[in-house]
Amino acid sequence: MTLSRRNLLATTAAVAAGTTAAASAGTAQAAPAGHGGRRLRTGFERLADGGYAPLRGQKVGIVTNPTGITRDVRHIVDVMHADDRVNLTAVFGPEHGFRGTAQAGGSEGRYDDPATGLPVYDTYLKSGQPLADVFTASGVDTVVFDIQDVGARFYTYIWTLFDCMEAASLAGKRFVVLDRPNPVTGRAALGPVLHKEFATFVGRQPIAQAHGMTVAELALLFNGEFLPSPVPLETVTMTGWKRSEFFDASGLPWVPPSPNMPTPECALVYSGTCLFEGTNLSEGRGTTRPFELLGAEGIDGGWAAAANDLGLPGVRFREAYFAPTFSKFQGKTVGGVQLHVHDRAAFDPVRTGIALLVTAKRSWDGFAWRSDHWIDKLTGSTQVRTMIDAGADTDEVVAGWEAELAAFRRTRRQYLLYR
């Protein structure tokens, strides 16, 4: 029987539902109750409780990093390697590496993991046939993905997911995604939608800047909408997660997904304030509050005052001074703002990021975009940059993407797995 892309998506989703429904409720260590007495169980917990049924008889490789942990903070690679019910034969490391030793823009390369002896292959900056060749050389039958995302289009792990799905399709491998919560909720998609001509590793496909999806939902979206040849896909869903919940409701330990994502609070603002990577201001790298602290030499309290005057919902801005230990303005004292989110439910990170760009440009005559127009890669088009340069205010910039965002929201709705 020949399956259309839609039929294939429906089939794989049905297989996933059957897989997760069969998972046993008897965990070795009961998960602590979340809000309302519910217990969230991750995709990995359900996979393990079900005896790794979808992986039976397969040579398995897993794409993961330090966030691939159990509730009692054991790494899932160590757990799987010690379990005779699954044949784990390879690990694939993304940006920052499998064990997380590399900074932004780096990886750990090819090596044998000292703890398990497993070969670790590097996926960073590989895609298409070269990445398919890595999967072929590893000898695996099934590629598993389990990495904690933070909900922003320009966070590279979701594009590692996309690239690995495409490469697995080319290599004739199965693909299984183990789901974890979106730490900033899955309530809504926010912000501009990428234009394909601006596709890079911080945005391969036209999705919203804050996508409001889990990695399993994104995998279904990628397979149904963007992959030229869909991969045989299974998703192992969570139980006990609601779209309206922030990470602290999960009862799960937070492991920084990358060196500059130290806390869930950082993730909350990231989809807006990461836009400052496209400017000559510091985005707070080299401080203990990256993406919550923003500034540059010569900025005074006027910026915080201008931002507070906007009355943005859920957030206040404090005049702040700091000296980054690396990255922009290393070792220099700079002035700027610190974001203080006091109402997470009301806070809109993308609108806030735009408002801060608008007020920074108006408050500080030293403001400049990066010369390579990296801001266009982050926002997904020239629109934000050119509108701000033309004097547009926050509401006008936001209105500029509403039609494209509405279209993405309609597409997104088809792939949501949770209420």
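## Starting point: a loop histidine

Helices and strands here are DSSP runs, with at least four residues for a helix and at least two for a strand, and they are numbered from the N terminus. This is a predicted model. With those labels in hand, take His-96: it sits in the loop that links β2 (87–93) to β3 (111–112).

Is His-96 buried or exposed? His-96 has a relative accessible area of 7%, and because anything under 20% counts as buried, it is a buried residue. Setting aside residues up to four places away in sequence, His-96 touches a run of neighbours including Thr-101, Ala-102, Gln-103 and Ala-104. Its contacts also include Tyr-157, Ser-258 and Pro-259. Then there's Tyr-124: 28 residues away along the chain from His-96, with 8.5 Å between the two C-alpha atoms.

## α4 against α5

Next, a helix pair. Helix α4 (residues 128–138) and helix α5 (residues 157–171) have axes that come within 8 Å and cross at roughly 70°. That angle makes α4 roughly perpendicular to α5, and the crossing is right-handed.

Which residues of α4 meet α5? On the α4 side they are Gly-128, Gln-129, Leu-131, Ala-132, Phe-135 and Thr-136. Across from them, α5 brings in Asp-163, Cys-164, Glu-166, Ala-167, Ala-168, Leu-170 and Ala-171. Sorted by type, the contact of α4 with α5 has 8 nonpolar, 3 polar and 2 charged residues.

## α8 against α9

Further along the chain, helix α8 (residues 302–309) packs with helix α9 (residues 349–363) at about 135°, their axes 9 Å apart. So α8 runs oblique to α9. This crossing is right-handed too.

From α8, the contact uses Gly-302, Trp-303, Ala-306 and Ala-307, while α9 supplies Leu-356, Thr-359, Ala-360 and Ser-363. The tally for the contact of α8 with α9 is 5 nonpolar, 3 polar and no charged residues.

## The sheet under α8

Now for the sheet. It's an open one of 3 strands, ordered β10-β12-β11, with antiparallel pairing. Why do β10 (293–296) and β11 (315–322) each have a side left without a neighbour in the sheet? Both strands stand at the edges with a single partner strand, so one side of each goes unpaired. From one strand to the next, the twist averages 25°.

Strand β12 (residues 334–341) pairs with β10 in the antiparallel sense through 4 bridges. Leu-293, for instance, has Gln-338 in β12 as its bridge partner. And α8 comes back in here: it packs on the sheet and touches β10, β11 and β12, with its direction at about 175° to that of β11.

Definitions and conventions:
Residues are numbered from 1 along each chain as its sequence is written. This is a predicted model: local features need pLDDT of at least 70, side-chain atom pairs count only at pLDDT 80 or more; totals for chains, interfaces and linings use all residues. Side-chain values use heavy atoms; hydrogens and water are left out. Axes are lines fitted to C-alpha atoms, for helices over the stretch in contact, and angles run from 0 to 180 degrees between N-to-C directions. Angles under 35 degrees count as roughly parallel, over 145 as roughly antiparallel, 65 to 115 as roughly perpendicular and the rest as oblique. A crossing is left-handed if the near helix is turned anticlockwise from the far one by less than a right angle, and right-handed if clockwise. Contact means heavy atoms within 4.5 Å. Ala, Val, Leu, Ile, Met, Phe, Trp, Tyr, Cys and Pro count as nonpolar, Asp, Glu, Lys and Arg as charged, and the others, Gly among them, as polar. Buried means under 20% relative accessible area, exposed over 50%, partly exposed in between (1.4 Å probe, protein chains only). Two strands pair if DSSP finds at least two bridges between them.
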